[in-house]
Amino acid sequence: DDDDDEIFVYMGGNQRVPGGVRQARIHESVKIVPARAFRYRRQLIYVEFHDDIEIIEKLAFFGCESLKGSIKLLGVKIIKDGA
């Protein structure tokens, strides 16, 4: 199924992340991943970060039980509780 290969591009702010997202990429313009941005996206298996992300807010990825693999957060300065 080609839909499984689609990568959702997260643009930040109040953008709603669809519930069935499996793969996501954080857009280069995003410096802060807001609180609860990806919360309970249980089908999410992969997120591509970039080196200019500075802050991952509280509970940003809480409940993403399928998220796996190595996560490189080279530019991140702050990761808040439960992120």
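A salt bridge is defined here as a side-chain nitrogen of Lys or Arg within 4 Å of a carboxyl oxygen of Asp or Glu. By this criterion the structure holds three salt bridges. The structure is a predicted model, in which local features need pLDDT of at least 70 and side-chain atom pairs count only at pLDDT 80 or more, while totals for chains, interfaces and linings use all residues. Residues are numbered from 1 along each chain as its sequence is written, and side-chain values use heavy atoms, with hydrogens and water left out.

## Salt bridges

The three pairs are listed below.

| Acidic residue | Basic residue | Closest N to O distance |
|---|---|---|
| E28 | R25 | 3.1 Å |
| E65 | R42 | 3.6 Å |
| E57 | K80 | 3.6 Å |

The salt bridge of E65 and R42 links distant parts of the chain: E65 belongs to the loop between β5 and β6, R42 to the loop between β3 and β4, and 23 residues separate them. Strands (E, at least two residues) and helices (H or I, at least four residues) are DSSP runs, numbered from the N terminus. The pair of K80 and E57 likewise joins distant parts, with K80 in the segment after β6 and E57 in the loop between β5 and β6, 23 residues apart.

Accessibility is classed by relative accessible area: buried means under 20%, exposed over 50%, and partly exposed in between (1.4 Å probe, protein chains only). E65 is exposed at 61%, whereas its partner R42 is partly exposed at 42%. In the pair formed by E28 and R25, E28 is partly exposed at 44% and R25 is partly exposed at 21%. K80 is also partly exposed, with a relative accessibility of 36%.

## The buried arginine R41

R41 lies in the loop between β3 (32-33) and β4 (46-48). R41 is buried yet has no salt bridge, and the nearest side chain of opposite charge, that of E65, is 12 Å away. For charge, Lys and Arg count as positive and Asp and Glu as negative; His and the chain ends are not counted.

What does the side chain of R41 reach at 3.5 Å? The partner is the backbone oxygen of P18. Such a polar contact is a pair of N or O atoms within 3.5 Å; within protein, one must be able to donate a hydrogen and the other to accept it, and residues adjacent in sequence count only if both atoms are side-chain atoms. Leaving aside residues up to four places away in sequence, R41 touches R16, V17, P18, G19, G63 and C64, where contact means heavy atoms within 4.5 Å.

## The strand arrangement

Three strands form an open sheet in the order β3-β5-β6, with parallel pairing. β3 and β6 (78-79) stand at the edges, each with a single partner strand, so one side of each is left without a neighbour in the sheet. Two strands pair if DSSP finds at least two bridges between them. β5 (residues 55-56) and β6 pair in the parallel sense over two bridges, and I55 stands opposite I78 in β6.

## Aromatic pairs

Rings of Phe, Tyr and Trp (its six-membered ring) pair if their centres lie within 6.5 Å; planes under 30 degrees apart count as stacked, over 60 as edge-to-face and the rest as tilted. The count comes to four aromatic pairs. The rings of F38 and F61 are stacked, because their centres are 4.9 Å apart and their planes stand at 15°. This pair links distant parts of the chain, F38 being in the loop between β3 and β4 and F61 in the loop between β5 and β6, 23 residues apart. F38 is buried at 0% relative accessible area, and F61 is buried at 11%.

Y40 and F62 form an edge-to-face pair, with 5.6 Å centre to centre and 80° between the planes. Y40 lies in the loop between β3 and β4 and F62 in the loop between β5 and β6, so the pair ties together parts that are 22 residues apart in sequence. Y40 is partly exposed at 36%, and F62 is partly exposed at 37%. Ring pairs also link Y10, F38, F49 and F61 into a cluster.

## Positive phi values

Most residues other than glycine have a negative phi. Y40 has a positive phi near 60°. L59, in the loop between β5 and β6, also has a positive phi near 60°, and L59 is buried at 16% relative accessibility.
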